[in-house]
Amino acid sequence: MTQKLYVGNLSFQTTESDLETLFAEAGNVESVRIITDRDTGRSRGFGFVEMSDEDAKKAISQFNEKDVDGRALTVNEAKPQVKREGGGGYGGGRDRY
């Protein structure tokens, strides 16, 4: 079984390759994805790493609050994405006349 980890507070210079190399210290890395801004392509400072359950637990204890590129990483189990209600946040959903 694989587990998806949330990795936050990344330096904007951190690459997926850097993250994969780091997390490989804890075990076999299945996938790495750093989330980027749709318009600029720049890192948004967080990403996701998939590993086996056992390796993921090891990675959380090994890398949570670890200093990487001058920033203390946040590493925990990723929560499922929640769909936001509303149509884009314009006007709070009230009817206009």
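Me: What makes lysine 4 count as lying over the face of phenylalanine 48?
Reply: This is a predicted model, and the answer is a distance in it. Lysine 4 sits 5.3 Å from the ring centre of phenylalanine 48. The cut-off for a charge over a ring is 6 Å, together with a limit on the angle to the ring normal. Lysine 4 lies over the face.

Me: Which ring does arginine 71 lie over?
Reply: The ring of phenylalanine 12. Arginine 71 is 6.0 Å from the centre of that ring.

Me: Why is phenylalanine 48 called partly exposed?
Reply: Its relative accessibility is 22%. Buried means under 20%, and exposed means over 50%. The value falls between the two, so phenylalanine 48 counts as partly exposed.

Me: Why is the pair of phenylalanine 46 and phenylalanine 48 called edge-to-face?
Reply: Take the distance, then the angle. The ring centres are 6.1 Å apart, and rings pair within 6.5 Å. The planes stand at 90°. Over 60 degrees counts as edge-to-face, so the name fits. Phe46 and Phe48 also share one aromatic cluster with Tyr6.

Me: How many aromatic pairs are found in the whole structure?
Reply: The search gives 4. One of them joins phenylalanine 23 and phenylalanine 63.

Me: Why is the pair of phenylalanine 23 and phenylalanine 63 called tilted?
Reply: The planes meet at 50°. Stacked needs under 30 degrees, and edge-to-face needs over 60. The angle fits neither, so the pair is tilted. The centres lie 4.8 Å apart.

Me: What makes this pair a tie between separate parts of the chain?
Reply: Phenylalanine 23 belongs to helix α1, residues 16-23, and phenylalanine 63 to helix α2, residues 53-63. The pair therefore links parts 40 residues apart in sequence. Both phenylalanines are buried.

Me: How do you know that the buried residues of α2 share a side?
Reply: The buried residues in α2 are Asp55, Ala56, Ala59 and Phe63. Around the axis they cover an arc of only 100°, so they fall on the same side of α2. Glu54, Lys57 and Ser61 are exposed on the other side.

Me: Why are serine 17 and glutamate 20 given the label partly exposed?
Reply: Serine 17 has a relative accessible area of 49%. For glutamate 20 the figure is 41%. Exposed starts over 50% and buried ends under 20%, so serine 17 is partly exposed, and so is glutamate 20. Serine 17 is in helix α1, and glutamate 20 lies in helix α1 too.

Me: How many residues line the largest pocket, and which are the closest to its centre?
Reply: The lining has 19 residues. Ile35, Arg44, Phe46, Phe48 and Gln81 are the closest to the centre. The pocket holds about 790 Å³ of space.

Me: Which strand gives the most to that lining?
Reply: β2, with 5 residues. Both β2 (29-36) and β3 (43-52) supply at least two residues each.

Me: What classes make up the lining?
Reply: There are 9 charged, 7 nonpolar and 3 polar residues. Arg44 and Phe46 are among those closest to the centre. Arg counts as charged and Phe as nonpolar.

Me: How many helices and strands does the protein have?
Reply: The protein has 2 helices and 6 strands. From the N terminus the order is β-α-β-β-α-β-β-β. Of its 97 residues, 30% are buried.

Definitions and conventions. Residues are numbered from 1 along each chain as its sequence is written. This is a predicted model: local features need pLDDT of at least 70, side-chain atom pairs count only at pLDDT 80 or more; totals for chains, interfaces and linings use all residues. Side-chain values use heavy atoms; hydrogens and water are left out. Rings of Phe, Tyr and Trp (its six-membered ring) pair if their centres lie within 6.5 Å; planes under 30 degrees apart count as stacked, over 60 as edge-to-face and the rest as tilted. Helices (H or I, at least four residues) and strands (E, at least two) are DSSP runs, numbered from the N terminus. Buried means under 20% relative accessible area, exposed over 50%, partly exposed in between (1.4 Å probe, protein chains only). A charge sits over a ring if NZ of Lys or CZ of Arg is within 6 Å of the ring centre and within 35 degrees of the ring normal. On a 1 Å grid over the protein atoms alone, a cavity is a set of points where a 1.4 Å probe fits but cannot get out, and a pocket is an open set with protein on both sides within 12 Å along at least five of seven lines; lining residues have an atom within 4 Å of a point. Grid points are joined across faces, edges and corners, and a volume is the space filled by probe spheres set on the points. The arc is that of the directions from the helix axis to the C-beta atoms.
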